[in-house]
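Good morning, and thank you for making time for this presentation. I shall go through one structure, beginning with a helix and ending with the ligand.

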Amino acid sequence: MTGGIGMTSQRTRARMIERLREQGIKDPMVLAAMNAVPRHVFLEEALSIRAYDDTPLPIGYGQTISSPYTVARTCELACQGRRLERVLEIGGGCGYQAAVLAQLAQKVVSIERIAGLVGRARNTLRGLRVTNVAIKIADGTLGYRDGAPYDAIVVAAAMPYIPDELLAQIRPGGRLVAPVGTGEGQRLKMVEVGMEGNVESDLEAARFVPLLPGVG
Ligand code: SAH
């Protein structure tokens with residue numbers, strides 16, 4: 001993949017990687033993936049100067065691209081230090097996290113309910129020559145059964161609770177990472193799926209856009 005120029009250069013991205021390390025991201029594969037994907041190309045030109053700041057930014061339709069820390073943290077939790085075969089992302093947005101996951105997995109399925117964002121994400125990924133991501137226009141609340149089982153499911157919009165149907169689409173040994181709750185009260189949760197039952201952990205405060213029903 002090719003980078004940009006000036007403020008969006010490889011050096012700016014390298015500073016983002018340093019900051020992610022300071023924030024506690026350790027997995028070298030995740031840091032390499034964050035370094036490989038040019039975040040600025042997922043944003044409109046006026047915002048690209050802020051692309052490597054640690055902040056969510058607007059992508060239109062009232063939605064946001066998640067902050068670099070959030071993307072790196074959720075990828076790290078999903079991967080557990082290994083390369084994945086299949087990953088499902090719920091809430092694809094502009095396609096940035098899907099592009100990062102594409103470096104960490106053989107195949108990424110990403111579900112997004114807003115058709116305008118799907119069109120843009122597909123174009124951006126094509127421009128970056130990312131070929132192992134399939135983006136579907138659908139309500140991803142209950143996952144995407146046709147692509148199951150997954151090694152991991154990463155949810156990028158806050159859910160009121162974790163549906164059993166999502167956990168049923170994860171292979172034993174795999175993980176679900178999702179923000180759960182509403183407004184200020186959201187928590188990042190992880191569920192480790194096992195043969196003999198699942199283990200849920202409550203990790204940290206989170207701030208995601210809400211999961212919405214239907215196709216927009
Ligand atoms: N991972 C994205 C984050 C996008 S924000 C990125 O890297 O930019 C979350 C996205 O979830 C929004 O685009 C929103 O439209 C989408 N979303 C919300 N509810 C959804 C649902 N039920 N099914 C699929 N996508 C949903």
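Let us begin with helix H1, which covers residues 10-22. These 13 residues reach 19 Å from the first C-alpha to the last, close to the 18 Å expected at 1.5 Å a residue. Please bear in mind throughout that this is a predicted model.

Which residues of H1 are buried? They are Thr12, Arg13, Met16, Ile17 and Leu20. Viewed down the axis of H1, these buried residues fall within an arc of 150°, so they line one face of the helix. The general background is that an α-helix has 3.6 residues a turn, so residues three or four places apart point the same way. On the face of H1 turned away from the buried side, we find the exposed residues Arg11 and Glu22. After H1 comes Gly24, with a positive phi near 105°.

What covers the buried residues of H1? The cover includes helix H2 (28-36), helix H3 (68-79) and H4.

That brings us to the nonpolar interior. The largest nonpolar core has 52 residues, and those touching the most other members are Leu20, Met34, Phe42, Ile65, Tyr96, Val100 and Val133. Helix H4, residues 96-104, gives the most to this core, with seven residues. H4 is itself mostly covered, with eight of its nine residues buried. Among these buried residues are Tyr96, Gln97, Val100 and Leu104.

Met34 merits a separate word. Leaving aside residues up to four places away in sequence, Met34 touches Arg13, Met16, Ile17 and Leu20, and also Pro68, Val71, Ala72, Tyr96 and Val100. Arg13, Met16, Ile17 and Leu20 were listed earlier as buried residues of H1. There is also a second, separate core of 19 residues, which includes Ala157, Ile170, Val180 and Val193. As general context, nonpolar side chains in soluble globular proteins tend to be buried together.

I turn finally to the ligand. It is surrounded by 26 residues, and the closest are Glu89, Glu112, Asp139, Gly140 and Leu212. Where do nitrogen atoms of the ligand approach polar atoms of the protein? In the side chain of Glu89, an N or O atom is 2.8 Å from a ligand nitrogen. For the side chain of Asp139, the corresponding distance from a ligand nitrogen to an N or O atom is 2.9 Å. At Gly91 the partner is a polar backbone atom, 3.2 Å from a nitrogen atom of the ligand.

Thank you for your attention.

Methods. Residues are numbered from 1 along each chain as its sequence is written. This is a predicted model: local features need pLDDT of at least 70, side-chain atom pairs count only at pLDDT 80 or more; totals for chains, interfaces and linings use all residues. Side-chain values use heavy atoms; hydrogens and water are left out. A nonpolar core is a set of buried Ala, Val, Leu, Ile, Met, Phe, Trp, Tyr and Cys residues joined through side-chain atoms within 4.5 Å. Buried means under 20% relative accessible area, exposed over 50%, partly exposed in between (1.4 Å probe, protein chains only). Helices (H or I, at least four residues) and strands (E, at least two) are DSSP runs, numbered from the N terminus. Contact means heavy atoms within 4.5 Å. The expected span of a helix is 1.5 Å times one less than its number of residues. The arc is that of the directions from the helix axis to the C-beta atoms. A residue is near a molecule or strand if one of its heavy atoms lies within 4 Å of it. A polar contact is a pair of N or O atoms within 3.5 Å; within protein, one must be able to donate a hydrogen and the other to accept it, and residues adjacent in sequence count only if both atoms are side-chain atoms.
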